[in-house]
Amino acid sequence: MGGKPRPLFAGLGLAAATAAAAALPVAGAASAQAIVTSAGPDKVSVTVYRDPERPAARPMNLEWLNGFALVSEVRHVAIPAGETEIRFEGVAGGIVPESAIVSGLPDGVIEKNRDAYLLSPASLLDRSLGKRVHLRRTSRATGAVREQDAVIRSGADGAVVLQTQDGFEALRCTGLPETIVYDGVPEGLSAKPTLSVRTRSSRPAEAAITLSYLASGLDWQANYVATLSPSGERMDLFAWVTLANGDETSFVNADTQAVAGRLNRETVDREEPEEPSLALTCWPSATTSDSPTEMPVPPPPPPVADAQEIIVTAFASKSGIAGAPAVMVSQEELGDLKLYRVPEPVTVASHSQKQVALLARQNVKVETIYRATVTGREDDELIRPVRILKTRNRRQEGLGLPLPAGGVAVFGEGYARPVLIGEGSVDDRAVDEIVEIRAGEANGVFAHVVRTSGDDDRGEYQLTATSDQPIPVRFEAEFGGGPDEIFAAKGAKVGRRNGRPLWSVTIPANGSAQLRFRLDRKS
Amino acid sequence: MLPLRGKGNNEMRSAILLSVLAAAPAVAQTAQGDVAVTIYNDDLALVQDTRQLAVPAQRSRQEFPDVSGQIRPETVTLSGEGIEIVEQNFDFDLLSPGKLMEKAVGQEITLVRTNPATGAETRERATVLAANGGVVLRIGSRIEVLRDDGLPARVIFDKVPENLRARPTLSVTLQSAHAGTRPVRLSYLTPGLGWKADYVTLFDERAGKIDVQGWVTLTNTTGTTFTNADTLLVAGQVQQGGGSESDYRGYQPRRPPTIRKPGTETAGRERLGDFYLYPLPERTTIANRQTKQVSFLDVSGAPAHKAYEYRNSWLGTAEEAQSADTVLKFSTSRDQGLGDALPAGTVRVYMRDAHGNAQFIGENAIGHTPMGSELGVKTGEAFDVKVQPVVEQRERISSSRWKTSMRYTFSNARPEQVLVDLVQAGLDSYWDDTRITEESLKSERRSSDQAVWHVPVPANGTATLTATFDTRF
């Protein structure tokens, strides 16, 4: 959660286990090392990587983000002489602990730890095993509060047995309102996920520590908005970098980057922070007791964070849907990857989605094609072709820059407003590549394929492409057999695309086009 | 009461009538401004909300409550004259006791304990240490779990954290050169708003005509009411495989498609690309959880006829007679039919009973259908018209050739003659050189796979069709 560095010498809990404890035997001794807690980073940088397994067409699921990020934090910590445990609070919950790199410590790191236990009623109880606590009982009749010392003799798995001066008792089996009061929080329990390092210093020092780690639970993609001209031959292309943070940790005023391209990852086993809820059971209570047997209900666990926050950062709007933005990411080469840098620090908040402009291009040349895939497996088939926007990622077409994968929304202008006419996606596209955006299925263009003779191994077919539009449309039929398929068109020139026959034709306004062809599949 | 009227003209079709507009608009508090919604078939809408915003000079934070609860955040854009957007936030982090406590971790609260016997209250300040599966508090130097002993204890928070809200809220930090009120347009896509078409079709069998009323059925499950919205409906698919592609029937046995022949005529409607646009003539309030119906098509006296169809698979023998499909056939062409394109939806067919009341005889789904198409809508299976296909004989006539004799027995319990289209399919399922060597009625080869016979079956009578097929194997 950012804020000022708060180097704390934690004098917690166990200092109390001194003279007064003599009445009861107490286990556990205070460790010799000092604990320094760093509550949050002073400066943070986040580089978000796209989930390599998520195809371009699948949108991000904000409840289940499988990309990752490299987080680099600078923290100022005052280190005492001797051995110290430095606790880095406020690291991402999705931290991959083995990826953590800690630098800037005067005498290096002895060991790194990541404690999966969070502070909760259950962990408080569990960690207090064998320690002295206070048992507080309140009389319902008089309201009188009575406190006595006790030592916890059982773990938190379902029940608590306490040792008091009177002997051994079970918590919550008395029918009285009773609770345990602790003298402090056991060390190693934080409210938030925590990474800690052990270090040894010959003298007290003020250190600027850099902590870098990979964290899961973030993802990003591009989101393109294409606005077609009335003729449909040009489009304005605008794009966002959309970053999503599904972690419980916010990165405040972070230098923010996103990396496009696929990089190899290995599976890491990750232990989720544990926050078990506490449910205590007791022996069966009979009805001979006149005390009320009302079991105190523990407060309900806080709901799983479903907070989501969307941030669109800094773009100046002219009047259009997305005009020239004031802030736009800059692109850099990063080995064989592409890095997009947000030019000013932004906050990538917990459970939020943030958008920064990626690119804006006017007047990009584009063509709309209706493409049907013909298999010939059926004797009579009515196919709705796919609507495809096609361009080439070149300067001539008005593009010529890397296009990272993401969703595309295509708008046209109709009835005096922008009208969505297709939603599709584009994979990572390098400069000079052909870009095809498959945006929905045709509504009034059909391909009717009838087998006139033969069977599905060897047959004669007639393809009739029809259009209900008052203007000519581009139609393509791709014949989707395998490499062993012999295709022969009758009286028409048929090209090839990706090794498959492709018939390209313009269907006249309110008209149709026909192709007779033969398919022969070797057995 | 069915909304069937006997109009004698085709004039109404271009008009869209609001059928369920409440007389007095509900006085609902909303922060929405001038709202325009564009609604697609496949559960998707584009919302444009132009609000009058009093913007002070320099930086200010403005809130936009009452956006759709299902807003797709990556599609949000905001524009306005002379303003620069510094940052947009959308919070649907809603205020709840759990959230309040979660956000209070590390902060101080006030704890008020009530003495169970006397009711006396004691106040203490406490620091919330953690809210993981229970609330851990530090009171003075001691650690306690909130309400662990079940005794009454009130927690009083000093304030509500800034981003916890009562309703989903978009907030924007603006930079403006000058102060003043100006329109600012917010636009976004949202699921939860969608529409489909419902066709009420009254079939007059004797006259061979249908009257068709098309209704748009609009549904809103966004969680938000769109007040006084300028509404445009768009027919067509914008997403791959999304929406109500009603020709798709999963793994059910293959049935003939509803569109028998796609049309190539352009309907007299507003278009954009291959989409048809259906603007509503008046602004309307689309309430949350509301279903609204609007008429968009009203055609009387279009030609239509009933047909019986039966499809037999190769070497199919039925142990007992099977009902033929009842299919209503009509066209969407300008000259011979409805004269309009039909957005995807459900066609419900009614006929008048002996008392003149309309009764339901079946329904089927149609996909987006261009004008000029020929449709065959299966409404059900005929009670009185049945077909029993039987493989009479299989004979080996050479090492590789077989002779298959089929007998199809038709029965008709109706008082008039019917015509049954019998399709024998599977003719190319093994080898393609299947020939029909003998037949008692002339067939029509529809494709290499299918032959069709148009078999007249006399009133209250039977008919028999025989055919002999020469096949390899």
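This report looks at chain A as a whole, then at A:Asp247, then at the cavities in a predicted model.

## Chain A at a glance

Chain A is mostly a strand story: it has 34 strands and one helix. Of its 523 residues, 53% count as buried. Chain A exposes about 22,700 Å², and carbon and sulfur atoms supply 52% of that area.

As for contacts, take those in chain A with a separation of 6 or more: 74% of them come from residues 24 or more positions apart.

## A:Asp247, a charged residue in a loop

Where does A:Asp247 lie? Look in the loop between strand 15 (234-245) and strand 16 (251-260) of chain A. Is A:Asp247 buried or exposed? With a relative accessible area of 4%, A:Asp247 counts as buried, because that value is under the 20% cut-off.

Its side chain has backbone partners, too. The side chain of A:Asp247 reaches the backbone nitrogen of A:Gly94 at 2.8 Å, and a polar atom of that side chain lies 2.9 Å from the backbone nitrogen of A:Thr249.

Leaving out residues up to four places away in sequence, A:Asp247 touches A:Ala92, A:Gly93 and A:Gly94, along with A:Ser216, A:Gly217, A:Ser350 and A:His351.

## Cavities

Searching the whole structure turns up six cavities of 30 Å³ or more. The largest cavity has a volume of about 100 Å³. It is lined by 16 residues, and those closest to its centre are A:Asn443, B:Tyr276, B:Ala341, B:His368 and B:Thr369.

By type, the lining of the largest cavity splits into eight nonpolar, five polar and three charged residues. Strand 19 (residues 275-279) of chain B gives the most to this lining, with three residues.

Notes. Residues are numbered from 1 along each chain as its sequence is written. Chains are lettered from A and ligands numbered from 1 in the order in which they are written. This is a predicted model: local features need pLDDT of at least 70, side-chain atom pairs count only at pLDDT 80 or more; totals for chains, interfaces and linings use all residues. Side-chain values use heavy atoms; hydrogens and water are left out. Helices (H or I, at least four residues) and strands (E, at least two) are DSSP runs, numbered from the N terminus. Buried means under 20% relative accessible area, exposed over 50%, partly exposed in between (1.4 Å probe, protein chains only). A polar contact is a pair of N or O atoms within 3.5 Å; within protein, one must be able to donate a hydrogen and the other to accept it, and residues adjacent in sequence count only if both atoms are side-chain atoms. Contact means heavy atoms within 4.5 Å. Accessible areas come from the Shrake-Rupley method with a 1.4 Å probe; for residues, only the protein chains shown count as cover. On a 1 Å grid over the protein atoms alone, a cavity is a set of points where a 1.4 Å probe fits but cannot get out, and a pocket is an open set with protein on both sides within 12 Å along at least five of seven lines; lining residues have an atom within 4 Å of a point. Grid points are joined across faces, edges and corners, and a volume is the space filled by probe spheres set on the points. Ala, Val, Leu, Ile, Met, Phe, Trp, Tyr, Cys and Pro count as nonpolar, Asp, Glu, Lys and Arg as charged, and the others, Gly among them, as polar.
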